[in-house]
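Student: Hi! I'm new to this one, could you walk me through it?
Tutor: Happy to, let's look at it together.

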Amino acid sequence: MIRFLLFISLLIPPSLAKGGHHRGPEPQPQTQPAAKKWPTLSGQPPLVVARGGFSGLFPESSSFANALAGQLKSTDVVGLSCSLQLTKDGIGICVSDIRLDNATTISMVFPKDAKTYNVNGQEVKGWFAVDYMSDVITKNVTLVQNSLSRPNQFDGLFPVSTIEDVAMGAKPSVFWLNVPYDAFYTEHKVSMADFVEKAMRLMPVHIISSPEIGFLKIMNGKVDKAKTKVIFEVLGSDAVEPTTKQKYGDIIKDLAAIKTYASGILVPKGYIQPVDTNNYLGNPTTLVADAHKLGLEVYASGFANDIPTSYNYTYDPISEYLQFINDPQNCIDGLLTDFSPTASATIACFTNNETGKPKPGKSLIITHNGASGVYPGCTDLAYEQALTDGADIIDCSVQMSKDGVAFCLDSADLTGDTTAVPTFVSRSTTIPEIQKEKGVFSFDLTWSEIQTLKPQMVSPFGQAAGYKRNPAAQNLGKFMTLTDFLEFSKTKGVSGILINIENAAYLASKKGLDIVDSVTKALSNATFDKQQTQQVLIQSDDTSVLSKFQGVPAYKRLLRIPEVIGDAPKPTVETIKKYADGVVLSRPSLIEVKNGFTKAQTNVLDEMHKANISVYVCVFRNEFVSLAFDFFADPTVELATYVAALEVDGVITEFPGTASRYMRSPCVDLNSQVAIMPAEPGSLLTQVPPTALPPASAPNPPLEVADVVDPPLPPVAKISTDSPPNTPNTPNAPGPSKSMAVTAKSNFGLGLAAIMALSLLSMGFY
């Protein structure tokens, strides 16, 4: 217990900690503006109910899950739910699945006890609470995480919780008791109705729900309706309700009949906002409006940050919550979620704040290939979307065609970001100076040949891993030359641009292409070198490239350090200062991540800032598999950690809309009444038993001077059109680029459990 209290103190800044308190089922959050009236039946904000506590992180209904849900909240009221199962001696425990083996260690403790029962017309094999006395379960069986995408390091640490543990121990503001299997227990001579009636006399039960109409009709006559609500839980449209033998899809059509035995409905979120077979949003139904007309409350279930649903949400859980609470005509009265901190923060921070402006002094929002999480990278559509989303600075990674046309694309290898493979696979080559893999390279194709290609939407996690990005835009958009990009930036009046230059030495010595000269002339022709209104950031991993831009006041030079580093010694920092005004670092160079958990903050940021070197961090992505567990599968929590807590100078992101919404919100300020709470590096890891972790690995290496300084750029070779192809073994060829050297580390944000999840997912959503 002492260790857990220390954990809570690490996670909760004093200004954000709020104690829970008992109250009736009508929430009155005091953190919301007093003047705002919500379009819910009560006029109050939607009720956030933590399904089994913070079950997205800890095993469902464990003591940690329940306590953390009560602490990590941005609204005054967050409820806790318990799905009730009854033991052989009639004691209530909280486990959502009637098969205890799906969420506990019971199958390992009693391996021969599996039984098969008929449960609502289905033959179900497993371990059932009704076969065990309560003390056998509470003393011998422990809880486990039942989702592969979630940390399993806490498995076996917590006993199964009784209903008293949750209602009386955690003391939630609202206690929601779900009774999913009344008919089954009745067949086994155990009365759910009697148990719940007794429980209401001993503890506050604010909401009772069940998918069984017979049970609800019994309870509707027993509850004090001023203290307890009765909610009808609607299951899948083709599932059969045990009492009436009707399909739930048919029952929900008669809301007036439901009103006779329930004060509200709990429905899967698809009943309100359908998602089509292609995983895009359809038109909202009228269910919420129809129910509200009859005085029925509407609660939605199925929310979890780590379960992708629609491409429209761009893997951003806050976008999904807003879909259900920010529409005055379709605002639900509450929701059940595995990640209550995100839902609570959405209500407190992001409703009706679209017109807010980014807070002054906060980090710059810099794109990575434009809004490449929404449209194919470095296309006109990606840049347009980035500006719509509120990016401060848009970027162009400059590549060169064979005939010397500079254009924007993430990589010189065209096989990923374009449709080059079908047409030009015969032109593929291996160039160790660029990358280990074979590729079709831009400098081997003329610009007219490149223009025959289409952009291609790519996911950094692999196209078949279940995390595709906006397939409807798979090949949309147009490539932009550097000149077009600069003209676009001028016309749109963007705050600034970032120009990334790589492979300059190879292009000069092996291809006769002067990428530095091409960029210099293009910037000058667009008069970016003679103005101060738009920021111009010149980025490269080569100090010799940055030296070419020295002495131009309009330019700010950024040294990209692709390696993951653990320290920045003073001599190295002083050397960087000679070449650059800022550095671009990977996220784990500031916060070390091991086995999916943040481990500690490095001193790299402090050392750079002491030398007046700006620090920009890359690459931020929304997909939960790129996030450490400490960030709760919520990209906004990660942003808050780097922006509000660490105070980096800029974030480089593929989803500028997510960053911009956070920057505009009132919760970006940690000193405000409500704030998005940053993660405390290493705090979650302190709760993991040492036996659950692999052997300690070596720390990330420090950045040495030799890692920073590059040799002078070679002269631009004169390449004749009839010369034989260049080979990597040519004398004086430049060595492997820094970009290639860290290819294996490109997915540095992936945690152990995330990698497991990726390996098990099939194409599409799960």
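**A walk through the model**

Student: Let's start somewhere specific. Where is the place of Val619?
Tutor: Val619 sits in strand 23, which covers residues 614-620. Keep in mind that this is a predicted model.

Student: And what is the peptide bond from Cys618 to Val619 like, cis or trans?
Tutor: That bond is cis, and its omega is near -15°. As background, most peptide bonds are trans, and most residues other than glycine have a negative phi.

Student: Speaking of phi, what is the value for Lys245?
Tutor: Lys245 has a phi near 60°, which is positive in a residue that is not glycine. Lys245 belongs to the loop that links strand 8 (229-233) and helix 9 (248-251).

Student: Is Lys245 buried or exposed?
Tutor: Exposed, with a relative accessible area of 62%.

Student: What about Ala633, what is its phi?
Tutor: Ala633 also isn't a glycine, and its phi is positive at about 55°. You'll find Ala633 in the loop between strand 23 and helix 24 (635-645). Ala633 counts as buried, at 11% relative accessibility.

Student: Let's zoom out. How many helices and strands are in the protein chain?
Tutor: The chain has 28 helices and 24 strands.

Student: And how many of the residues count as buried?
Tutor: Of the 766 residues in the chain, 57% are buried.

Student: Which share of the contacts with a separation of 6 or more comes from residues 24 or more positions apart?
Tutor: Those pairs account for 73% of such contacts in the protein chain.

Student: Now the inside. Which residues touch the most other members of the largest nonpolar core?
Tutor: They are Tyr185, Val196, Phe232 and Ile258, in a core of 108 residues. Helix 7 (residues 192-202) gives the most to this core, contributing six residues.

Student: Where does this core lie with respect to domain 1 and domain 2?
Tutor: Between them, because domain 1 (47-350) and domain 2 (364-419 + 445-687) both give residues to the core. In general, nonpolar side chains tend to be buried together in soluble globular proteins.

Student: Back to Val196, what does it touch?
Tutor: Leaving out residues up to four places away in sequence, Val196 touches Leu84, Leu177, Val179, Ile208, Phe215 and Met219. Apart from the largest core there is another core, of 91 residues, and Ala406, Leu507, Val545 and Tyr662 are among them.

Student: Okay, new topic: how many cavities of 30 Å³ or more does the structure hold?
Tutor: There are eleven of them. The second largest cavity has a volume of about 150 Å³.

Student: Which residues lie nearest the centre of that second largest cavity?
Tutor: Ile307, Pro308, Thr309, Tyr315 and Asp316 do, out of 17 lining residues. By class, the lining has ten nonpolar, five polar and two charged residues. At least three lining residues come from each of domain 1 (47-350) and domain 2 (364-419 + 445-687).

Student: What about pockets? What is the volume of the second largest one?
Tutor: The second largest pocket has a volume of about 960 Å³. Its lining has 40 residues, and Ser96, Pro180, Tyr181, Glu233 and Leu235 lie nearest the centre.

Student: Which elements give two or more residues to that lining?
Tutor: They are strand 2 (78-86), strand 5 (122-126), strand 6 (175-178), strand 9 (264-268), strand 10 (297-303) and strand 11 (334-337). By class, the lining of this second largest pocket holds 20 nonpolar, twelve polar and eight charged residues.

Student: One last spot: where does Leu381 lie, and what does it touch?
Tutor: Leu381 is part of helix 14 (residues 380-389). Not counting residues up to four places away in sequence, Leu381 touches Tyr375, Leu476 and Gly477. Leu381 is partly exposed, with a relative accessible area of 29%.

Student: And where is the place of Gly477?
Tutor: Gly477 is in the loop between helix 17 (447-450) and helix 18 (482-492). Gly477 is partly exposed, at 24% relative accessible area. Setting aside neighbours within four places in sequence, Gly477 is in contact with Thr379, Asp380, Leu381 and Pro455.

Student: How far apart are the C-alpha atoms of Gly477 and Lys454?
Tutor: They are separated by 7.9 Å, and the two residues are 23 residues apart along the chain.

Notes. Residues numbered from 1 in each chain as written. Predicted model: local features only at pLDDT ≥ 70, side-chain atom pairs only at ≥ 80, totals over all residues. Heavy atoms only, no water. Core = buried A, V, L, I, M, F, W, Y, C linked by side-chain atoms within 4.5 Å. Buried < 20%, exposed > 50% of the residue type's maximum accessible area, 1.4 Å probe, protein only. Helix = DSSP H or I, 4+ residues; strand = E, 2+ residues; numbered from the N terminus. Domains from an automatic or database assignment. Contact = heavy atoms within 4.5 Å. 1 Å grid on protein atoms, 1.4 Å probe; cavity = no way out; pocket = protein on both sides within 12 Å on 5 of 7 lines; lining within 4 Å. Points joined across faces, edges and corners; volume = space filled by probe spheres on them. Nonpolar A, V, L, I, M, F, W, Y, C, P; charged D, E, K, R; others polar.
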